[in-house]
Amino acid sequence: MVSAPMHVSASQILHAVAKRVPWAIEHHPQVLEQYRRRQSTSSDPSAANNSVLLWDAEQSFTLSPDQKIIYYRQQLSEVAPALFKKWQPIVGAYANEIRLKKMHTRWGSCNTRAKRIWLSVYLPAYPIECTEYVIVHELCHLHHANHSRAFWQTVATAMPDYQQWHNILAGKTGQLD
């Protein structure tokens, strides 16, 4: 489904959609996995779907979806400073500001001018190395504001096993290799 302002012509809409098809194909597994996770969390109120994962370990308590977000935000805010302190010198880039946000289609984002990094509050449901990978990824954007070959080389230099954690977040694998 496409939503567009009334003044945009059908040909402009088709052109805009066509430009985004390669991205959609490339990111389909990740978007689909995130959609499935959201559906299982929000559409089924049973206790099983209210189970809580913390750094990929199932906890002995359950929370509602809203309570989970609060819990994950708290857990991430506790560990993020130490993770940034660990990875900033390795990457050679320093964030001015770190914020947490409820993001459904991204794990992190970076404003390169303000050197502000946003992390998804859903990261604590995955292994902590996934959070470290997102931090490294976003810090590397402070060197390269794109996903060029040089960007990925910077990521690989800082974190040689990044692909494993990237694949988990992208829904390409459900377990560690």
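Reader: What makes Lys86 and Glu132 a salt bridge?

Author: In this predicted model, their side chains come to 2.7 Å, N to O. The cut-off is a Lys or Arg side-chain nitrogen within 4 Å of a carboxyl oxygen of Asp or Glu. With 2.7 Å, the pair passes, so we call it a salt bridge.

Reader: Okay, and what does the pair tie together?

Author: Lys86 sits in helix 2 and Glu132 in helix 3, so the bridge ties together parts that lie 46 residues apart in sequence.

Reader: How do you know whether Glu132 is buried or exposed?

Author: Buried means under 20% relative accessible area. Glu132 has 8%, so it counts as buried. Its partner Lys86 has 42%. That value falls between 20% and the 50% limit for exposed, so the label for Lys86 is partly exposed.

Reader: How many salt bridges does the structure hold?

Author: Three. Besides the Lys86 pair, Arg99 bridges to Glu97, with the closest N and O atoms 2.4 Å apart. Glu97 also bridges to Arg116, at 3.0 Å. Both distances are within 4 Å, so both pairs qualify.

Reader: Which parts of the chain does the pair of Glu97 and Arg116 link?

Author: Glu97 belongs to strand 3 and Arg116 to strand 5, and they are 19 residues apart. Glu97, Arg99 and Arg116 are linked in a network of salt bridges.

Reader: Why are Arg99 and Glu97 called partly exposed?

Author: Arg99 has 35% relative accessibility and Glu97 has 26%. The label covers values between 20% and 50%, so it applies to both.

Reader: What makes strand 3 and strand 5 a pair?

Author: Two strands pair if there are at least two bridges between them. Strand 3 (residues 97–101) and strand 5 have five, in the parallel sense, so they count as paired. Leu100, for instance, stands opposite Leu119 in strand 5.

Reader: How do you know that strand 4 pairs with strand 5 too?

Author: Use the two-bridge minimum again. Four bridges join strand 4 (residues 108–111) to strand 5, and these strands run antiparallel. That clears the minimum, so they pair. Ser109 has Trp118 of strand 5 as its bridge partner. The hairpin of these strands has four residues between them, and Lys115 takes a positive phi near 55° there.

Reader: Why is strand 5 called largely enclosed?

Author: Because four of its five residues are buried, strand 5 is largely enclosed by the rest of the structure.

Reader: What does Leu119 touch?

Author: Leaving out residues up to four places away in sequence, its contacts include Leu76, Phe84, Ile98, Leu100, Trp107 and Val134. In the largest nonpolar core, which has 38 residues, Leu119 is among those that touch the most other members, along with Phe84, Tyr133, Val136, Leu139 and Leu169.

Reader: Which elements supply this core?

Author: Strand 1, helix 2, strand 5, helix 3, helix 4 and helix 5 each supply at least two residues. Helix 2 gives the most, with nine.

Reader: How do you know that Val17 can be part of a surface patch?

Author: A patch residue needs over 30% relative accessible area and no salt bridge. Val17, in helix 1 (residues 10–42), is partly exposed at 35%, so it clears the area cut-off. Val17 forms a nonpolar patch with Val2, Val21 and Ile25, and together they have about 340 Å² of accessible area.

Notes:
Residues numbered from 1 in each chain as written. Predicted model: local features only at pLDDT ≥ 70, side-chain atom pairs only at ≥ 80, totals over all residues. Heavy atoms only, no water. Patch = residues over 30% accessible without salt bridge, like charges linked within 9 Å, V, L, I, M, F, W, Y side chains within 5 Å. Areas by Shrake-Rupley, 256 points an atom, 1.4 Å probe, with all protein chains shown as cover. Buried < 20%, exposed > 50% of the residue type's maximum accessible area, 1.4 Å probe, protein only. Core = buried A, V, L, I, M, F, W, Y, C linked by side-chain atoms within 4.5 Å. Contact = heavy atoms within 4.5 Å.
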